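Visitor: I am new to this structure. Please take me for a close look at a single part, the sheet and what packs around it.

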Amino acid sequence: MCTPQSVVCFAKLVTSYRMPAAVPVPPPANKGPRVRPVPAVSRALAILQLLARSPEPLTLKSISEGLDLVTSTCLHILRVLVDEGMVKVEPGTKRYSLDVGVLSLARSVAENNPFPARIQAALDRLSEAWNVTTIGVKVSGVEDLVVLSLARSRGPFRLYVEVGSRFPALTSATGRLVSAYADLSDAELARRFKTLAWENPPDLETWKKEVRAAQRKGFAIDRGNYMSGITVIAVPIFDAQKRMTHALVALGVADQMTSERTKSLTVDLVREAKALS
């Protein structure tokens, strides 16, 4: 999902020999594109995201209050989204939910994104060989992760996750990697750590040590912190500029993930990630 970006104009310093007394002014530093707020777009996206998170259709009142929007404004945006096929409204209850138009957009993303096709064979092989659930995720900054592809294990353990699912970027093993390569200050790491949800949360100092270890080793392991009884292994996938853009993740039942098995699986994951980078 994209927001409109303005064109950045660079001032040029003009030196005149007829004005020797003038003090030259250095050109402004390039701070990158400046994004102008577009409230209508931001509100429409917020509504879509709220509906995506909700397990059941929502009323106009629930949406407007949940997003702190003026009811009339919220209604106008919903009507446009309904007209565009992004949202549907139940005639009897007047409750809103996502419509199939969103699926068309998601399908276009999947079809035009080469990453899922590239990684699927690796996910299938790893899942079959190690009897774990494997996931390929897109790293969207330090805010969230998006599941692009997955392969499920053969065993009784089934992680409830679907393609398109979003997760907080800094949680679990993947979060340790994102934190390691995000170049965040200790203060910012501490602030974001407080917002994370864990079943068995580590303390801040332990987590920071694991973040530093993830950068040094090139992989991260979560042993039951994010989900009790589940071991999560994550390895980074880099682009040509050495930026972490994706991650390869494996999840298995902790009782089955012995030290030797975890080590061998990690080596296999690292090998696949290097081939995909």
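Guide: What follows is a walk through one sheet, its helices and a group of rings.

This is a predicted model: local features need pLDDT of at least 70, side-chain atom pairs count only at pLDDT 80 or more, and totals for chains, interfaces and linings use all residues. Residues are numbered from 1 along each chain as its sequence is written, and side-chain values use heavy atoms, with hydrogens and water left out.

Start with the whole chain. Its secondary structure comes to 9 helices and 9 strands. Helices (H or I, at least four residues) and strands (E, at least two) are DSSP runs, numbered from the N terminus. Of the 277 residues in the chain, 40% are buried. Buried means under 20% relative accessible area, exposed over 50%, and partly exposed in between, with a 1.4 Å probe and protein chains only.

Now the sheet. It is open, has 6 strands, and runs in the order E6-E5-E4-E9-E8-E7 with antiparallel pairing. Strand E6 (166-168) and E7 are the edge strands, and each pairs on one side only. From one strand to the next, the twist averages 30°. Two strands pair if DSSP finds at least two bridges between them. Strands of a sheet pair through backbone hydrogen bonds, either parallel or antiparallel.

Look closely at strand E4, residues 133-140. This strand is mostly covered, with 6 of its 8 residues buried. E4 has strand E9 (residues 244-253) as an antiparallel partner, joined by 6 bridges. Val 137 has Ala 247 in E9 as its bridge partner. Thr 134 has Ala 250, also in E9. Strand E5 (residues 144-151) is another antiparallel partner of E4, over 7 bridges. Here Gly 136 is bridged to Ser 149 in E5. E4 and E5 form a hairpin with 3 residues between them. In that turn, Gly 141 has a positive phi of about 65°.

Next, the helices on this sheet. H6 lies across E4, E5, E7, E8 and E9, and runs at about 35° to E8. Helix H9 (residues 259-276) also packs on the sheet, touching E7, E8 and E9. The direction of H9 makes about 25° with that of E8. Axes are lines fitted to C-alpha atoms, for helices over the stretch in contact, and angles run from 0 to 180 degrees between N-to-C directions. Contact means heavy atoms within 4.5 Å.

Step from H6 to helix H7, residues 186-193. The buried residues of H7 are Leu 189, Ala 190, Arg 192 and Phe 193. Seen down the helix axis, they fall within an arc of 170°, so they line one face of H7. That arc is taken from the directions from the helix axis to the C-beta atoms. The buried residues of H7 pack against helix H6 (172-181) and helix H8 (204-217).

Phe 193 leads to the rings. The count comes to 3 aromatic pairs. Rings of Phe, Tyr and Trp (its six-membered ring) pair if their centres lie within 6.5 Å; planes under 30 degrees apart count as stacked, over 60 as edge-to-face and the rest as tilted. Phe 193 and Trp 198 form a tilted pair, 6.4 Å centre to centre with 45° between the planes. The rings of Phe 193 and Trp 207 have centres 5.0 Å apart and planes at 40°, so this pair is tilted. This pair links distant parts of the chain: Phe 193 is in helix H7, Trp 207 is in helix H8, and they are 14 residues apart. Phe 193, Trp 198 and Trp 207 form one aromatic cluster. Phe 193 is buried at a relative accessible area of 12%. Trp 207 counts as buried because its relative accessibility is 0%. Trp 198 is buried, too.

Last stop: Asn 225. This residue sits in the loop between strand E7 (220-223) and strand E8 (230-238). Asn 225 is buried, with a relative accessible area of 15%. Leaving out residues up to four places away in sequence, Asn 225 touches Arg 176, Trp 198, Glu 199, Asn 200, Pro 201 and Pro 202. Trp 198 is thus named again, as a neighbour of Asn 225. The side chains of Asn 225 and Arg 176 make a polar contact at 3.1 Å. A polar contact is a pair of N or O atoms within 3.5 Å; within protein, one must be able to donate a hydrogen and the other to accept it, and residues adjacent in sequence count only if both atoms are side-chain atoms.
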